[in-house]
Amino acid sequence: MTPSDTSPHAARYPAGGLAFPHRDLLGIGQLERHEILFLLDEAEQWVALNRQSAKHVDALAGLTIINAFFENSTRTLLSFEIAGKRLGADVVNMHAAQSSVKKGETLIDTAITLNAMRADAIVIRHWSSGATGLIADKVDCPVLNAGDGQHEHPTQGLLDALALRNALRERGESAEDFTGLNIVICGDILHSRVARSNLLCLQALGASVRLCAPPALMPVGIEAMGAEVFHDFDAALDGADVVMMLRLQTERMSGQFIPSAREYHHLYGLTKARLEKAKKDTLVMHPGPMNRGVEIDSEVADMIDRSIITRQVEMGVAIRMACLDVLTRRARGVDGWEEAA
Ligand code: NCD
């Protein structure tokens, strides 16, 4: 059995090398709806594997994966590392703080260096929007965007969709897609690659997305992407099925965007009282890292029946396994995934 046999969406792919038409995963914006569903379906087998005590397969044995991180990360870096190792690959991490980047090496030269080491996949996080695309142009292997500036964070969008789908299925809903769901994303939308990737992913899966932020933290013209824009959090929460909270990305702010953390919490913090204004079973999400007491209160973040924040982390490993597996299939010569003529 090839892993793709487990996906009900796999049948939509013609055999003979066109199974997943992308070499790289640079953004949700490049994916069709059925490709998103295919990756979610693929991830299910890894969710199951990760819940066993023996969590290792040798699908990627012999392959070298380089995680090149030019920005801090806990969840994303660790989960990419764990994902690669559980699939049997050799995984090495390059931290920019300890690399020649500090000696003035350009991004392109770093890319050429990683390529010369014959990596089989490169995972990149970079502070500059578009940097991962630039690197993808210079290397011969799949490149996975682990967050580029304010642009995209595709594996976060995918893992959030998987976490939500699993939570809904556990409640007995079929959740084939998210049609009919009202999903609120609240916080620093302006600086958030998570907001952008989630907006694209959730909409592709049929959800109605409401974006909520103070005017200074809302990108101008974002309505053009099909989202409903709110500045009043209580109004945004009315009838919401899901609320996803985002951190204030202070490291990307030049100048003062909010009067104070206290005032921000008063207007945009998710408190228990505020959550009660949504539906009685509204699910709570957060990509992490959380600033408890600023955008979200502890009593909400830790609500056992409503918060799926730790499930998001769990699904992060499975999604990254799916992406690494799928994107390396051509190079591994997996049946039906030969290079297109
Ligand atoms: C996010 C990121 O780095 O964009 N974190 C993550 O990957 N889980 C969100 C954030 O930093 O606020």
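The domain bounds used here come from an automatic or database domain assignment. With that in mind, let us walk through this predicted model, beginning with its ligand.

Where does the ligand sit? It occupies the largest pocket. Two domains contribute to its surroundings: domain 1 (4-153 + 314-340) and domain 2 (154-308) each supply at least three residues of the shell around the ligand. If you would like to find these neighbours yourself, look for Arg75, Thr76, Arg125, His153, Gln156, Arg193, Val194, Arg247, Gln249, Pro287, Gly288 and Pro289. Sorted by class, this shell holds five polar, four charged and three nonpolar residues.

Next, look at some individual contacts. The side chain of arginine 193 has an N or O atom 2.8 Å from an oxygen atom of the ligand. Arginine 125 also takes part through its side chain, where an N or O atom is 3.1 Å from a ligand oxygen. Proline 287 makes its approach with the backbone: one of its backbone N or O atoms lies 3.0 Å from a nitrogen atom of the ligand. How much of the ligand does the protein cover? On its own, the ligand has 310 Å² of accessible area, and the protein covers 94% of this. As for helices and strands, the elements that give two or more residues to the shell are helix H2 (75-86) and helix H6 (193-204).

Now follow the chain to two spots where the backbone itself deserves a look. As background, most peptide bonds are trans, and most residues other than glycine have a negative phi.

The first spot brings us back to the ligand, since Gly288 and Pro289 are both among the residues around it. The peptide bond joining glycine 288 and proline 289 is cis, with an omega of about -5 degrees. Proline 289 belongs to the loop between strand S9 (283-285) and helix H10 (298-301).

For the second spot, turn to the loop that runs between helix H3 (107-116) and strand S3 (121-126), where you will find arginine 118. Although arginine 118 is not a glycine, its phi is positive, at about 60 degrees.

Key: Residues are numbered from 1 along each chain as its sequence is written. This is a predicted model: local features need pLDDT of at least 70, side-chain atom pairs count only at pLDDT 80 or more; totals for chains, interfaces and linings use all residues. Side-chain values use heavy atoms; hydrogens and water are left out. A residue is near a molecule or strand if one of its heavy atoms lies within 4 Å of it. A polar contact is a pair of N or O atoms within 3.5 Å; within protein, one must be able to donate a hydrogen and the other to accept it, and residues adjacent in sequence count only if both atoms are side-chain atoms. Accessible areas come from the Shrake-Rupley method with a 1.4 Å probe; for residues, only the protein chains shown count as cover. On a 1 Å grid over the protein atoms alone, a cavity is a set of points where a 1.4 Å probe fits but cannot get out, and a pocket is an open set with protein on both sides within 12 Å along at least five of seven lines; lining residues have an atom within 4 Å of a point. A molecule sits in a cavity or pocket if more than half of its atoms lie within 2 Å of its grid points. Helices (H or I, at least four residues) and strands (E, at least two) are DSSP runs, numbered from the N terminus. Ala, Val, Leu, Ile, Met, Phe, Trp, Tyr, Cys and Pro count as nonpolar, Asp, Glu, Lys and Arg as charged, and the others, Gly among them, as polar.
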